[in-house]
Amino acid sequence: MAESEPVNPVEPTDNPTEERVIVGRENRTGSRADFISAIIFICIGMVTIVESLRMPIFESWGSYARPGFPPAFFGGLLIVFSLLVLVRSIREGGSRLALTGDKARAFLQAPTTIRFLVVLAMVAAFLYLMNVITFLYSSILFLFAMMLYFKAGTWWRSLIISVVVGFGLWYLFKKVFLVPLP
């Protein structure tokens, strides 16, 4: 094979509508990531369905105009597609995680993991503060904190952008779309 030709991970078969995936690749990192991600997304889908069923029902709107119907539908789709990814990853050997203490420690100390956990904590704080200090102020604070954390510019420029975007989002949802905000 010439160096300029890309390596194709799929081999054609005699049947033009069917392809055979080359088995025996040494890097199974993608399968493991798919396995873990699928489990996480299945859990998110289940929580979405449970929470959407707890939403109020307005009988005067009709049976399909319930506010919990769209999130429940998309939560169900998330579960279905995550199950497909989970089955594929199990077939590719992604369920064999071989987790050790050193690997777990290295994962928890990795910069990407720390960044993810910091952002997750900021989102949780935003959701909590939204009901305490209203949507407008919590969104301004959230945007400002995110911009500072990711070093998006000077602190005063981040503050100006956060205030403008926060007020813009508040005006758009509250006044234009007439969405009741906390």
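These are my notebook entries on one predicted protein model.

**Entry 1. The chain as a whole**

I began with the secondary structure of the protein chain, which comes to five helices and two strands. I then read the order along the sequence and found the pattern β-β-α-α-α-α-α. Next I looked up burial: of the 182 residues of the protein chain, 18% count as buried. I also looked up the accessible surface, and the protein chain exposes about 13900 Å². Carbon and sulfur atoms supply 70% of that area. Finally I looked at contacts between residues with a separation of 6 or more, and 51% of these join residues 24 or more positions apart.

**Entry 2. Helices α1 and α2**

I turned to S52, which I located in helix α1, residues 29-53. Is S52 buried or exposed? S52 counts as buried because its relative accessibility is 5%, and the cut-off for buried is under 20%. Leaving out residues up to four places away in sequence, I found S52 touching G68, P71 and A72.

I then chose I79, which lies in helix α2, residues 69-91. I79 has a relative accessible area of 17%, so it is buried. Which residues does I79 contact, apart from its neighbours within four places in sequence? I listed I42, G45, M46 and I49. I also looked up the separation of I79 from one of these, I42, and their C-alpha atoms are 4.8 Å apart. Along the chain, I79 and I42 are 37 residues apart.

**Entry 3. How α4 and α5 pack**

Two packed helices are described by the angle between their axes and the distance between the axes. I looked up both values for helix α4, residues 111-149, and helix α5, residues 155-176. The angle is about 145°, and the axes are 8 Å apart. I noted that the crossing of α4 and α5 is right-handed.

I next asked which residues meet in this pair. On the α4 side I found F135, L136, S139, I140, L143, F144, M147 and L148. On the α5 side I found W155, S158, L159, I161, S162, V163, V165, G166, F167, L169 and W170. By class, the contact has 15 nonpolar, four polar and no charged residues.

I looked more closely at V165, a residue of helix α5. V165 is partly exposed because its relative accessible area is 36%, and partly exposed covers the range between 20% and 50%. The C-alpha atoms of V165 and L143 are separated by 8.4 Å, and the two residues are 22 apart along the chain.

**Entry 4. The largest nonpolar core and F135**

In soluble globular proteins, nonpolar side chains tend to be buried together. I therefore looked up the largest nonpolar core here, to which seven residues belong. Its members are V119, M122, F126, M130, F135, F142 and M146.

F135 appears both in this core and among the α4 residues that meet α5. What else does F135 contact, leaving aside its neighbours within four places in sequence? I recorded F126, M130, L169, W170, L181 and P182.

**Entry 5. Other residues of α4**

I placed L127 in helix α4. L127 is partly exposed, since its relative accessible area is 48%. I looked up L127 against S138, which is 11 residues away along the chain, and their C-alpha atoms are separated by 8.2 Å.

T134 is also found in helix α4. T134 has a phi near 75°, a positive value in a residue other than glycine. Most residues other than glycine have a negative phi. At 34% relative accessibility, I entered T134 as partly exposed.

**Entry 6. The segment after α5**

I found L178 in the segment after α5. L178 is not a glycine, but its phi is positive, at about 60°. Is L178 buried or exposed? L178 has a relative accessible area of 63%, so I recorded it as exposed, the cut-off being over 50%.

V179 is found in the segment after α5 as well. At 32% relative accessibility, V179 counts as partly exposed. Not counting residues up to four places away in sequence, V179 touches F173 and K174.

Notes:
Residues are numbered from 1 along each chain as its sequence is written. This is a predicted model: local features need pLDDT of at least 70, side-chain atom pairs count only at pLDDT 80 or more; totals for chains, interfaces and linings use all residues. Side-chain values use heavy atoms; hydrogens and water are left out. Axes are lines fitted to C-alpha atoms, for helices over the stretch in contact, and angles run from 0 to 180 degrees between N-to-C directions. Helices (H or I, at least four residues) and strands (E, at least two) are DSSP runs, numbered from the N terminus. A crossing is left-handed if the near helix is turned anticlockwise from the far one by less than a right angle, and right-handed if clockwise. Contact means heavy atoms within 4.5 Å. Ala, Val, Leu, Ile, Met, Phe, Trp, Tyr, Cys and Pro count as nonpolar, Asp, Glu, Lys and Arg as charged, and the others, Gly among them, as polar. A nonpolar core is a set of buried Ala, Val, Leu, Ile, Met, Phe, Trp, Tyr and Cys residues joined through side-chain atoms within 4.5 Å. Buried means under 20% relative accessible area, exposed over 50%, partly exposed in between (1.4 Å probe, protein chains only). Accessible areas come from the Shrake-Rupley method with a 1.4 Å probe; for residues, only the protein chains shown count as cover.
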